[in-house]
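Here is a briefing on one protein model. It covers internal spaces, charged pairs and local backbone features.

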Amino acid sequence: MKFLRRTAHAAGLWLAFTAAAVAGEPLKIATSAGPVGQLASFAAKLAKEKGQDVKIVELSDWVALNEVVNSGEVDANLFQHATYLALQNKQRGFNLVQVDKVGVIAPVGLFSKKVKTLDEIKSGDSVAIPNEPLNGARGLILLERAGLITLTPGKGFSVSKFDIVENPRNLKIVELDPAQTYRSLDDVTLALVNITYLIPAGGDPKSALIIDRTADDGLVLRFTARPDKKDDPRLKAFIQVFNSPEVKQFIEEKIPAFIPAGFGSEESGLVRETAP
């Protein structure tokens with residue numbers, strides 16, 4: 001009898017939680033255009049089937065994606081990992097927080113329209129990397145893993161082009177807006193491109209000369225909100241929908257270049273894998 005009362009009480013709490021989550025204004029989630037936006041929209045469709053109204057707002061400006069959360073225009077966003085969030089909080093005076101462990105990792109890769117293998121890269125060839133510090137560092141680290149440069153050891157994601165200590169092929173490092181590196185492939189020999197930008201531009205992740213599929217907790221794109229919004233029952237209800245087998249299956253089947261992280265009882269999996 002006690003068990004039945006506890007079960008009924010738990011069910012009552014869940015019904016109350018769900019009712020609060022779906023009541024009132026629609027939940028507004030800002031996200032980047034392209035595959036992450038497609039993923040968020042798919043989860044919103046699942047939420048709609050469960051009675052929750054979720055509005056997805058796609059923006060191309062990464063700074064604006066945090067500004068609209070900070071101002072309260074939207075309830076949360078989905079586009080960034082903890083390392084980028086920490087930089088934005090520091091540089092722009094935000095106090096945004098990640099809401100849950102579930103998310104997705106967007107790999108980066110080195111792409112070219114001029115060569116088919118890394119061995120074909122010649123002395124003096126140009127390489128485009130993002131001018132944003134974190135993704136620029138990811139580009140330099142991948143160049144080092146490809147055996148093209150050597151960096152000052154121990155600096156992690158804080159490395160810059162000034163930390164190149166060996167450059168045997170005299171590569172010319174060109175820093176561009178992250179959204180422009182794929183478009184630069186007509187002009188440069190090699191470019192570091194984030195999959196988030198590659199797919200919307202029509203690029204094929206399988207064409208990478210080398211791709212970094214590092215599963216690092218600091219690189220998981222997760223829901224981000226203001227501290228006063230992170231416990232919003234509407235947001236919690238939507239994240240519960242997002243953290244479902246259907247969403248994980250969508251990632252694996254529709255955007256397989258991305259890596260699901262933190263789904264169900266799984267850990268994010270702090271492993272390192274660099275695939276050709």
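A cavity is a set of grid points where a 1.4 Å probe fits but cannot get out, and its lining residues have an atom within 4 Å of a point. The domain bounds used below come from an automatic or database domain assignment. The model is predicted. A search of the whole structure finds 2 cavities of 30 Å³ or more. By the rule applied here, the salt bridges number 12.

**Largest cavity**

- The volume of the largest cavity is about 70 Å³.
- Its lining consists of Trp62, Phe79, Gln80, His81, Tyr84, Ala106, Asn135, Arg138, Asn194, Thr196 and Leu221.
- Strand 3 (76-80) and helix 5 (133-145) are the elements that give two or more residues to this lining.
- By class, the lining of the largest cavity holds 5 nonpolar, 5 polar and 1 charged residues.
- Where does the largest cavity lie relative to domain 1 and domain 2? Domain 1 (27-106 + 217-261) and domain 2 (108-212) both give residues to the lining, so the cavity lies between them.

**Second largest cavity**

- The second largest cavity encloses about 40 Å³ of space.
- Trp62, Pro130, Asn135, Pro178, Thr181, Leu192, Val193, Asn194 and Tyr197 form its lining.
- Strand 10 (residues 190-194) supplies the largest share of that lining, with 3 residues.
- The lining of the second largest cavity divides into 6 nonpolar and 3 polar residues, with no charged ones.
- Trp62, Asn135 and Asn194 appear in the lining of the largest cavity and also in that of the second largest cavity.

**Largest pocket**

- The largest pocket has a volume of about 250 Å³.
- It is lined by 15 residues, and those closest to its centre are Trp62, Val63, Tyr84, Gln88 and Glu132.
- Helix 3 (62-71) and helix 4 (82-92) each supply at least two lining residues.
- Helix 4 gives the largest share of the lining, 5 residues.
- The lining of the largest pocket has 7 nonpolar, 4 polar and 4 charged residues.
- Domain 1 (27-106 + 217-261) and domain 2 (108-212) both contribute to this lining, so the largest pocket lies between them.
- Trp62 and Tyr84 are among the residues closest to the centre of the largest pocket, and both also line the largest cavity.

**Salt bridges**

- Side chains of opposite charge can pair when their charged atoms come close.
- Asp186 and Lys113 form a salt bridge through their side chains, at 3.3 Å from N to O.
- Asp186 sits in the loop between strand 9 and strand 10, and Lys113 in the loop between strand 5 (108-111) and strand 6 (126-130), so the pair ties together parts that are 73 residues apart in sequence.
- Both Asp186 and Lys113 are exposed.
- Asp163 pairs with Lys155 in a salt bridge, with the closest N and O atoms 3.1 Å apart.
- Is Asp163 buried or exposed? Asp163 counts as buried because its relative accessibility is 9%, and buried means under 20%.
- Its partner Lys155 is partly exposed, with a relative accessible area of 33%.
- Arg222 and Asp217 also meet in a salt bridge, at 2.8 Å from N to O.
- Arg222 is buried, with a relative accessible area of 1%, whereas Asp217 counts as partly exposed at 23% relative accessibility.
- Asp75, Lys229, Asp232 and Arg234 are linked in a network of salt bridges.

**Helix 2**

- Helix 2 (residues 35-49) has 15 residues.
- From its first C-alpha to its last, helix 2 reaches 21 Å, close to the 21 Å expected at 1.5 Å a residue.
- Buried residues in helix 2 are Pro35, Val36, Gly37, Leu39, Ala40, Ala43, Ala44, Leu46 and Ala47.
- Gly51 follows helix 2 and has a positive phi, near 95°.

**Backbone at Asn170**

- Asn170 is not a glycine, yet its phi is positive, at about 50°.
- Asn170 is placed in the loop between strand 8 (164-166) and strand 9 (172-176).
- Its relative accessible area is 49%, so Asn170 is partly exposed.

Key: Residues are numbered from 1 along each chain as its sequence is written. This is a predicted model: local features need pLDDT of at least 70, side-chain atom pairs count only at pLDDT 80 or more; totals for chains, interfaces and linings use all residues. Side-chain values use heavy atoms; hydrogens and water are left out. Helices (H or I, at least four residues) and strands (E, at least two) are DSSP runs, numbered from the N terminus. Buried means under 20% relative accessible area, exposed over 50%, partly exposed in between (1.4 Å probe, protein chains only). On a 1 Å grid over the protein atoms alone, a cavity is a set of points where a 1.4 Å probe fits but cannot get out, and a pocket is an open set with protein on both sides within 12 Å along at least five of seven lines; lining residues have an atom within 4 Å of a point. Grid points are joined across faces, edges and corners, and a volume is the space filled by probe spheres set on the points. Ala, Val, Leu, Ile, Met, Phe, Trp, Tyr, Cys and Pro count as nonpolar, Asp, Glu, Lys and Arg as charged, and the others, Gly among them, as polar. A salt bridge is a side-chain nitrogen of Lys or Arg within 4 Å of a carboxyl oxygen of Asp or Glu. The expected span of a helix is 1.5 Å times one less than its number of residues.
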